[in-house]
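Got your viewer open? Here is a tour, stop by stop, telling you what to select and what you'll find there.

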Amino acid sequence: MSSSTVTSVPSMEKESLNPYEIVQTQIDHAGKLAGVSKDVLDILKKPKRVLYVSFPVKMDDGSIRVFEGYRAQHNDAMGPTKGGIRFHPDVNMDEVKALAMWMSFKCSVVNLPYGGGKGGVVCDPHDFSKAEVQRISRGFMEAIADIVGPEKDIPAPDVYTNAQVMGWMMDTFSRMKGHFSPGVITGKPLILGGSKGRNEATARGCVFTIEEAMKTLKKPMKGATVAIQGFGNAGRIMADLLAAEGCKIVAVSDSKGAIYQPEGLNLQQVEHLKDTASILEDPDSQVLDHPEDLLSLEVDILVPAALENVITRKNANDIKAKIVAEAANGPTTPAADNILFKKDILVLPDILANAGGVIVSYFEWVQNLMNYYWSEEEVNGKLKDMMVHSYQEVHTMAEEHKTDLRTAAYMISIKRITAAMEARGWF
Ligand SMILES: NC(=O)C1=CN([C@@H]2O[C@H](COP(=O)(O)OP(=O)(O)OC[C@H]3O[C@@H](n4cnc5c(N)ncnc54)[C@H](OP(=O)(O)O)[C@@H]3O)[C@@H](O)[C@H]2O)C=CC1
Ligand SMILES: O=C(O)CCC(=O)C(=O)O
């Protein structure tokens with residue numbers, strides 16, 4: 001991909017780290033290239049609805065604590081809104097709005113019949129007992145129940161939530177409606193109508209895009225070196241899947257810090273330590289003094305798989321990877337995008353690279369509506385088809401317009417949502 005003709009998203013004078021402003025910049029940039037009018041882009045630059053909630057939860061010691069949360073629904077022209085629920089102390093309204101908007105473009109770029117939604121509760125679940133997390137989960141679902149539902153808005157897991165949380169939320173919604181309603185939420189435990197393959201889907205989908213990108217660059221997966229920031233659902237499973245493809249995982253990090261072993265980490269050992277103590281106790285690797293240095297290691301593939309705004313104007317020039325595969329949402333700022341594009345680093349954008357999660361969520365929802373369930377092979381095969389096809393479409397668009405993959409992905413998705421809005425007579 002040439003970096004000579006069209007630059008990526010323009011860098012702003014003072015770099016904004018507000019995700020809501022960032023997604024609006026991305027929409028403006030790609031929307032103009034796609035030939036979509038300013039009036040239509042103005043529709044896309046705001047969410048349709050944001051619900052703020054506060055709800056009391058009884059703690060184990062008998063005290064009451066009030067939690068705050070949000071559910072944002074961006075655009076439902078293509079179908080019900082869809083997207084995860086995050087439990088994190090930094091959750092705020094602008095972040096949830098941006099995450100919902102990224103979901104719209106993600107669903108559209110891989111051609112799912114959904115719009116984008118996202119929710120979050122301001123809390124760190126690590127501070128609470130399992131029973132307290134259950135009550136927070138139920139309290140949040142009760143608070144948002146009016147605006148979610150299998151045909152309205154379908155949540156799923158995100159940072160610091162998991163299948164168990166989805167199960168509790170599904171139960172609360174079903175009790176409120178008076179009937180079993182598995183289609184209200186995805187990423188559920190298998191016994192409650194979860195889909196085979198959903199737990200691994202975000203990572204597996206991201207690995208498919210990396211494989212396609214490596215083919216584009218004519219580089220083999222075998223022996224490719226990888227650094228992964230974040231060691232949860234997305235990052236940890238990516239480590240396993242990439243290692244199975246013959247890649248060498250040389251660094252991983254979590255919220256406590258980063259470890260590095262240039263000869264390749266002993267993943268089994270690191271995973272055992274993650275489950276029992278801390279990855280930082282791995283005797284065979286070096287703990288990085290500054291965990292963010294993981295991002296600038298000399299590797300073939302860098303996988304941000306934690307939170308937003310980790311590659312910014314400040315450190316983009318230090319990135320040495322040939323591919324940045326965004327398992328996380330929003331890890332790269334527009335200014336950093338510009339720098340990486342000029343450095344000929346291939347960024348696999350979040351709205352494409354991490355779409356495997358919502359694709360298999362879609363499969364889960366379809367299975368729930370049919371009440372008929374697929375094998376893991378069937379799920380993974382359909383996931384691969386959709387990821388590879390979407391990558392090819394985005395790659396072709398990028399080549400045609402001599403632009404980066406993020407801009408190309410936005411161009412495709414903005415055009416699709418615009419066509420749906422027009423067909424519905426919204427403008
Ligand atoms: N789950 C899904 O299906 C999807 C997730 N995503 C995105 O992937 C990203 C990760 O989500 P997911 O894996 O589900 O979340 P998890 O909660 O499973 O894992 C998050 C991981 O990030 C780590 N982390 C948190 N803060 C930092 C930090 N400052 N530096 C390094 N690591 C950190 C956590 O560390 P620790 O273990 O110490 O807490 C944890 O290992 C998010 O951006 C999410 O939106 C995108 C698509 C789908
Ligand atoms: O599975 C889903 O519906 C959405 C997952 C998610 O939150 C995301 O893709 O960012």
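**First stop: ligand 2**

Select ligand 2 and the residues around it: α11 gives the most to this shell, with three residues. Helices here are DSSP runs of H or I with at least four residues, strands are runs of E with at least two, and both are numbered from the N terminus. Before you click further, know that this is a predicted model, in which local features need pLDDT of at least 70, side-chain atom pairs count only at pLDDT 80 or more, and totals for chains, interfaces and linings use all residues. Residues are numbered from 1 along each chain as its sequence is written, while chains are lettered from A and ligands numbered from 1 in the order in which they are written.

Now highlight α3 (93-109) together with α11 (356-370); each supplies at least two residues of the shell around ligand 2. That shell has 14 residues, and the ones that come nearest are G84, A156, G357, V358 and S361. A residue counts as near when its C-beta atom, placed from the backbone, lies within 6 Å of the molecule or strand in question.

Try colouring this shell by class: you get three nonpolar, eight polar and three charged residues. For the colours, Ala, Val, Leu, Ile, Met, Phe, Trp, Tyr, Cys and Pro are nonpolar, Asp, Glu, Lys and Arg are charged, and the others, Gly among them, are polar.

**Over to ligand 1**

Next, select ligand 1. It is surrounded by 24 residues, with G232, D254, S255, A328 and G357 the closest. Which helix gives the largest share of this shell? It's α7, with three residues. Pick out α7 (233-244) and β8 (248-254), since each supplies at least two residues here. Coloured by class, the shell shows 10 nonpolar, 11 polar and three charged residues.

**Zoom out to the domains**

Colour domain 1 (49-192) and domain 2 (200-352) separately; the protein chain is divided into these two. The bounds come from an automatic or database domain assignment. Their centres, taken over C-alpha atoms, are 27 Å apart. Six residues from domain 1 and five residues from domain 2 make the contact, where two residues are in contact if their C-beta atoms, placed from the backbone, lie within 7 Å. On the domain 1 side of that contact, you'll find five nonpolar, no polar and one charged residues.

Keep ligand 1 on screen for this view. Both domains give residues to the shell around ligand 1, so ligand 1 lies between them.

**The whole chain**

Show the whole protein chain as a cartoon: there are 13 helices and 13 strands to trace. Its radius of gyration (taken over C-alpha atoms) is 21 Å, close to the 22 Å that the globule rule (2.2 Å times the number of residues to the power 0.38) gives for 427 residues, so the chain is as compact as a globular protein of that length. Along its principal axes, the C-alpha trace spans about 60 × 60 × 45 Å.

How much of the chain is buried? Buried residues make up 53% of the 427. A residue is buried if 20 or more other C-beta atoms lie within 10 Å of its own, exposed if 12 or fewer, and partly exposed in between, with C-beta atoms placed from the backbone.

**Into the core**

Select V226, M238, I301, L348 and I359: of the 129 residues in the largest nonpolar core, these touch the most other members. Such a core is a set of buried Ala, Val, Leu, Ile, Met, Phe, Trp, Tyr and Cys residues joined through C-beta atoms within 7 Å. The element that gives the most to this core is α3, with 10 residues. Domain 1 and domain 2 each put in at least three residues.

Stay on M238 for a moment. Setting aside neighbours within four places in sequence, M238 is in contact with A203, C206, V207, I228, V303, A305 and A327.

**Three loops to finish**

Go to M59, in the loop between β1 (49-58) and β2 (64-73). M59 counts as partly exposed because it has 14 C-beta neighbours inside 10 Å. Leaving out residues up to four places away in sequence, M59 touches R65 and E132.

Then jump to Y160, in the loop between β6 (153-154) and α5 (163-177). Is this residue buried or exposed? With 22 C-beta neighbours inside 10 Å, Y160 counts as buried. Check its backbone too: phi of Y160 is near 60°, a positive value in a residue other than glycine. Most residues other than glycine have a negative phi.

Last comes K402, between α12 (376-401) and α13 (405-423). Phi of K402 is positive as well, near 50°, and K402 is partly exposed, with 14 other C-beta atoms within 10 Å.
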